[in-house]
Amino acid sequence: MSFACLVERRVEPVLRSFLETFRVVALVGPRQAGKTTLARQVTNGGVYLSLDDPDVLGAAVADPVGFVAGRPRPVVIDEVQRGGDELVRAVKLAVDEVPEAGSFLLTGSTNLLTVPNLSESLAGRMGLIELAPFSQAEAGGVESRGLMAWLADNVASTGRGGGDWYEPLLGMPASLVSRRSYVERICAGGYPEVLRLDGGQRPAFLRSLLTSIVARDIQEISGARRITELSRVAEALAARTSGELVVADVHRDTAFGSSQTTADYVAYLEMVYLTVSLPAWATSAATRVKRRAKVHMADTGMAAAMLGLTTDALVDPLEPMRGPLHETFAAVEVRKQVSFAATGATLHHFRDRRGREIDLIVRLPTGKLICIEVTAAMRAHGTKARTLGWFRDTIGDRFELGIVLYAGPLPLRLGPRLVALPISYLWEI
């Protein structure tokens, strides 16, 4: 029995709701995240077809219309991107003829909305859900809904007219998670199969998984054959996790091909969910477009494995990747929680020309902002708190709450609408 099936996935209620709403639902995310297990759980009947099976793939490519026609529904097609554009068109035709909700559940290890050969997506008929590797709550069996759900509920219910609505956060018990435990979580990451292994086995498994994704998924969608070059780009991005994405710098450090080839490789790595990007926040859409996105590795365990970093190395305060990996750890956890909550919140970062930064901005559907800074330090006062205070005073009422997530044990009040919280509060609340 797979470890993934023993864990209740927090996105499952959203997935079931989508199956009751949309004719087609796509469950996408990286390989080894548990998509197949979850797809089988929520459909519990119908037909399951895996395009990882060569015979099934051959039938889907040879006659895509006949492949999907007349099957008992729901039809689960695993790794649908391998069937290409014609198979997606056949699914579209089938659900147009019999427009029933929950007819097809498609899983894919690539983002179906960005794969070049899937020229006509099912965007008008399809609900898209991303299944990331385990969140910290899922990995630890914690019942909590998470900090993002708590914030979304309380902002929505109290607004700004009811005083300091965030006051209950300051009454939470001290965190028992140590600095070393945070680093252990960073190095473990969230891939279900990885968490079954001991610490010594994990880096080799993760490096093998990277090679498999590069050699299989990226080659299939792009035709790129230079596995070594793709892996080097992935390593260069891992070394830049939590930084602004400057493709020219990545190209300079990898030193092969053209800058356009490097840009394509960067895009492919995001397409297969090895990296995620956060767009810049600004007061206008036009300004946002001009500003650089921030790149994060989608799994900190994968990043640590690529960089050859162990728990002992990252515990050292002098290790230069310590801060960036703590920030990525928090950002990826927030991203997962936002997907569970399905509130319509979007994630951004901020950086101005003077170098002032906000690591993570959660923009609620109301336009209000939850602004988060992350530090691996045991103290929360300092530059990050001052930057949040400056941002609060600059943007005014749009600023709902500023949070410094830190490695200390206690929640603290830092000022009006500013608090410091232990990083573990992300999944303990």
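Hi everyone, let me start with helix 5, residues 84-97, which lies across strand 1, strand 3 and strand 4 and runs at about 160° to strand 4. Here, contact means heavy atoms within 4.5 Å, and axes are lines fitted to C-alpha atoms, for helices over the stretch in contact, with angles from 0 to 180 degrees between N-to-C directions. Helices (H or I, at least four residues) and strands (E, at least two) are DSSP runs numbered from the N terminus.

A quick word on the source. This is a predicted model, where local features need pLDDT of at least 70 and side-chain atom pairs count only at pLDDT 80 or more, while totals for chains, interfaces and linings use all residues. Residues are numbered from 1 along each chain as its sequence is written, and side-chain values use heavy atoms, with hydrogens and water left out.

Now to the sheet itself. It is open, has five strands in the order 2-3-4-1-5, and its pairing is parallel; two strands pair if DSSP finds at least two bridges between them. Strand 2 (47-50) and strand 5 (126-130) are at the edges with a single partner strand each, so one side of each has no neighbour in the sheet. From one strand to the next, the twist averages 15°. Strand 2 is joined to strand 3 (residues 75-78) by four bridges, and Val-47 has Val-75 as its bridge partner in strand 3.

Helix 2 (residues 35-43) also lies across this sheet, over strand 1 (24-28), strand 2, strand 3 and strand 4 (104-108), at about 170° to strand 4. And what does helix 2 meet in helix 1? Glu-12, Leu-15, Arg-16 and Leu-19 of helix 1 meet Leu-38, Gln-41 and Val-42 of helix 2. The axes of helix 1 (residues 12-19) and helix 2 come within 11 Å and cross at roughly 55°.

On to the interior. The largest nonpolar core has 74 residues, and Leu-151, Ile-372 and Ile-403 have the most contacts inside it. Such a core is a set of buried Ala, Val, Leu, Ile, Met, Phe, Trp, Tyr and Cys residues joined through side-chain atoms within 4.5 Å, buried being under 20% relative accessible area with a 1.4 Å probe, protein chains only. Helix 11 (residues 202-222) gives the most to this core, seven residues. Apart from it lies another core of 26 residues, including Val-80 and Met-126.

Last, a hairpin: strand 13 (residues 412-415) and strand 14 (residues 418-422) pair antiparallel over three bridges. Two residues sit between these strands, and Arg-417 in the turn has a positive phi of about 60°.

Key:
Buried means under 20% relative accessible area, exposed over 50%, partly exposed in between (1.4 Å probe, protein chains only).
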